[in-house]
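Trainee: Could we go through a structure together? I should like to start with the aromatic rings.
Mentor: Certainly; please have a look at it first.

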Amino acid sequence: VAGFLGIAQVLRVVDASAEAATAYEDRVAGGREPLFGGVEERVVRLGGRESDVTELSVRRHGRHVVPVFEDMSLPSVRRTLEAAGGGGAVVPSCWYVSDGAYARPESWGCAAIPNDTASTADDTHDLAEADFKIRREWLLPFGAGGRKALVVEADSSVGEQALALGAESCCDLSMQESAQGFRLVARLARAQGALK
C-alpha cells in the first residue's frame, strides 16, 4: 500500500508540474507574463493590433524592443514573438493590452487598491507592483552628463494598408491610445523607480 501511495504522490507532482508549465506558456503566449531582467537599453513599442515595423525592429534588435500588441493571435504578431524568443525557449518578450485599454492600469498588470486605503481618485492601483516592470536598466543614454531617457514609441504600420488612400485612418492604433499608453508607461516607470 505504501508503494502505491508513493507512486500516486509522484504522479500528482508530475501532473502539477505539467499544469504549471502549460499555464506559464499560455501567459507568455498571451503577453501577460512579466519580462525577465538583464536586458539593458530597451524600447517600449506600442504596436496596436499588428505592426510590420515592430516585427522588423524585433528581428534586428531582439529583446531590446518590448512590443505591446492588442491581438496576440495574429500571424504577424506570432512571427514577432518567434523573432524575439530565445531559440525555441519560452521566454516572456512582449506585453498584451486590449484595444482601447492603454489607460487602464489593469492592462499593465496592476492590482486594485481597496477603496478604504486609496488616498486619491488617481490612487486606485498599485503601479509600483504592476506585472509590467520597467527597470532603470531600460533607460537609453542621451545628451551630455550621463542623462538617460525611457523611450516609448507607437507604430501600427501594416504593409500595404499604410499606403491606402481614404478618409479613415488605416492604422488601428489611434493618437489617443498612443498618448494614453505613453502616459501610463511613464507613471509606471516613476512608481517603480525607473524614472525620477
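Trainee: How many aromatic pairs does a search of the whole structure find?
Mentor: The search finds three aromatic pairs. Rings of Phe, Tyr and Trp (for Trp, the six-membered ring) pair if their centres lie within 6.5 Å; planes under 30 degrees apart are stacked, those over 60 are edge-to-face, and the rest are tilted. W95 and F132 form one such pair, which is edge-to-face, with 5.4 Å centre to centre and 65 degrees between the planes.

Trainee: Which parts does that pair tie together?
Mentor: W95 lies in strand β3 (residues 95-96), whereas F132 lies in the loop between β3 and β4 (140-141), so the pair ties together parts that are 37 residues apart in sequence. Helices (H or I, at least four residues) and strands (E, at least two) are DSSP runs numbered from the N terminus.

Trainee: Before we go on, what kind of model is this?
Mentor: This is a predicted model, in which local features need pLDDT of at least 70 and side-chain atom pairs count only at pLDDT 80 or more, while totals for chains, interfaces and linings use all residues. Residues are numbered from 1 along each chain as its sequence is written, and side-chain values use heavy atoms, with hydrogens and water left out.

Trainee: Back to the rings: is W95 buried or exposed?
Mentor: W95 is buried, with a relative accessible area of 0%. Buried means under 20% relative accessible area, exposed means over 50%, and partly exposed lies in between (1.4 Å probe, protein chains only). F132 is buried as well, at 1%.

Trainee: And what does F132 form with W108?
Mentor: W108 and F132 form an edge-to-face pair, 5.0 Å centre to centre with 70 degrees between the planes. Both residues lie in the loop between β3 and β4, so this pair ties together parts that are 24 residues apart in sequence. W108 is buried, like F132. Through ring pairs, W95, W108, F132 and W138 are linked into a cluster.

Trainee: Which residues does Q192 contact?
Mentor: Leaving aside its neighbours within four places in sequence, Q192 is in contact with L127, A128, A130, F132, K133 and I134. Contact means heavy atoms within 4.5 Å. Q192 itself belongs to the segment after α4 (175-191), and it counts as buried at 19% relative accessibility.

Trainee: Let us change topic. What is the order of the strands in the open sheet?
Mentor: The open sheet has four strands in the order β3-β2-β1-β6, with parallel pairing. At the edges stand β3 and β6, each with a single partner strand, so one side of each is left without a neighbour in the sheet. Two strands pair if DSSP finds at least two bridges between them.

Trainee: How does a sheet hold its strands as pairs?
Mentor: Strands of a sheet pair through backbone hydrogen bonds, either parallel or antiparallel.

Trainee: How many bridges join β1 to β6?
Mentor: Four bridges join β1 to strand β6 (residues 151-154), and the two run parallel. V44 stands opposite V152 in β6.

Trainee: And which residues of strand β1 are buried?
Mentor: Both faces of β1 (residues 43-46) are covered: V43 and R45 on one side, and V44 and L46 on the other, are all buried. Four bridges join β1 to its parallel neighbour β2 (residues 65-69), where V66 is the bridge partner of V44. From β1 the chain crosses through helix α2 (residues 52-61) to β2, and this β-α-β crossover is right-handed: with the strands pointing away from the viewer, the path from the first strand over the helix to the second runs clockwise.

Trainee: Where does E41 lie?
Mentor: E41 is placed in the loop between α1 (2-29) and β1. Its phi is near 50 degrees, a positive value in a residue other than glycine. Most residues other than glycine have a negative phi. At 37% relative accessibility, E41 counts as partly exposed.

Trainee: Finally, how many helices and strands does the protein chain hold?
Mentor: The secondary structure comes to four helices and six strands, running α-β-α-β-α-β-β-β-β-α from the N terminus on. Of the 196 residues of the protein chain, 35% count as buried.
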